[in-house]
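Colleague: I'd like a close look at one part of this model, the stretch that follows the last strand. Could you walk me through what sits there and what it packs against?

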Amino acid sequence: MLTGKQKRHLRSLAHHLQPIFQVGKGGTNDQLVRHIEEAIEVRELIKISVLNNCMDDPREIGAEVAEAAGAELVQVIGKTIVLYKQATEEKYRKIELPKAVAK
């Protein structure tokens, strides 16, 4: 679970990214989730665009894809979804998250 400070940091990093996946009128499927899992393993932070012809709610799509891919939902703004998952292999880790403060 990401803290607010970590999500804010990830949103700032994602601001300049272009969406690499699009969800259309067909919605999500296993193949899309598999491709997202592969991409997020290498990139750690990705954007997904929900097209206008998709009738599903972008928040629901974001939650569904994040759960299926084992990723964290960072943000859903308009029709853009931002997902984060720390890479399992050390060579792909690029993002250093701010430390969570224990209370």
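Modeller: Here is a tour of the segment after strand 4, followed by the parts of the fold it meets. Keep in mind that this is a predicted model.

Let's start with I95, which has its place in the segment after strand 4. With a relative accessible area of 15%, under the 20% cut-off, I95 counts as buried. Leaving out residues up to four places away in sequence, I95 touches L10, L13, E44, L45 and Y84. Looking back along the chain, K85 is ten residues from I95, and their C-alpha atoms are separated by 9.9 Å.

I95 is also part of a nonpolar core of nine residues, whose members include A14, L45 and V74 too. That core lies apart from the largest one, which I'll come back to.

The L10 contact leads us to helix 1, residues 4-14, where Q6, L10 and A14 are buried. Those three cover an arc of only 70 degrees around the axis, so they sit on the same side of helix 1. The general rule behind that is simple: an α-helix has 3.6 residues a turn, so residues three or four places apart point the same way. As for what covers the buried residues of helix 1, the list includes strand 2, strand 3 (72-77) and strand 4.

Now step back one residue to K94, also in the segment after strand 4. K94 is exposed, at 58% relative accessible area, whereas its neighbour I95 is buried. Once neighbours within four places in sequence are set aside, K94 is in contact with V42, R43 and E44. R43 is 51 residues away from K94 in sequence, yet the two C-alpha atoms are 8.1 Å apart.

E44 turns up in both contact lists: I95 touches it, and K94 is in contact with it. E44 sits in the loop between helix 2 and strand 2, and it is buried, with a relative accessible area of 0%. Its backbone deserves a look as well, since phi of E44 is near 70 degrees, a positive value in a residue other than glycine. For context, most residues other than glycine have a negative phi.

Another glutamate to look at is E41, in helix 2. Setting aside residues up to four places away in sequence, E41 touches A87, T88, E89 and Y92. Its side chain makes a polar contact with the side chain of T88, at 2.9 Å. What about a charged partner for E41? E41 is buried yet has no salt bridge; K85 is the nearest side chain of opposite charge, and it is 5.2 Å away. The cut-off for a salt bridge is 4 Å, so that pair does not count as one.

Salt bridges do occur, though: a search of the whole structure finds three.

- E89, one of the residues E41 touches, meets K91 side chain to side chain in a salt bridge, 3.9 Å from N to O. E89 is partly exposed at 39% relative accessible area, while K91 counts as exposed at 62%.
- R93 and E90 form another, at 3.2 Å from N to O. R93 is partly exposed, with 34% relative accessibility, and E90 is exposed, with 59%.
- E96 pairs with K99, the closest N and O atoms being 3.6 Å apart. Here E96 counts as exposed at 58% relative accessibility, and K99 counts as exposed at 64%.

Finally, back to the largest nonpolar core, which has 18 residues. Those with the most contacts inside it are F21, I36, I46, I48, I61, I81 and L83. At least two residues of this core come from each of strand 1 (21-23), helix 2 (30-43), strand 2 (45-50), helix 3 (58-69) and strand 4 (80-84). Take I61 as one of them: leaving aside neighbours within four places in sequence, I61 is in contact with V23, T28, V50, C54, D56 and I81.

To put your stretch back together: I95 is buried and belongs to the nine-residue core, K94 is exposed and in contact with V42, R43 and E44, and E41 is in contact with A87, T88, E89 and Y92.

How values were computed
Residues are numbered from 1 along each chain as its sequence is written. This is a predicted model: local features need pLDDT of at least 70, side-chain atom pairs count only at pLDDT 80 or more; totals for chains, interfaces and linings use all residues. Side-chain values use heavy atoms; hydrogens and water are left out. A nonpolar core is a set of buried Ala, Val, Leu, Ile, Met, Phe, Trp, Tyr and Cys residues joined through side-chain atoms within 4.5 Å. Buried means under 20% relative accessible area, exposed over 50%, partly exposed in between (1.4 Å probe, protein chains only). Helices (H or I, at least four residues) and strands (E, at least two) are DSSP runs, numbered from the N terminus. Contact means heavy atoms within 4.5 Å. The arc is that of the directions from the helix axis to the C-beta atoms. Lys and Arg count as positive and Asp and Glu as negative; His and the chain ends are not counted. A polar contact is a pair of N or O atoms within 3.5 Å; within protein, one must be able to donate a hydrogen and the other to accept it, and residues adjacent in sequence count only if both atoms are side-chain atoms.
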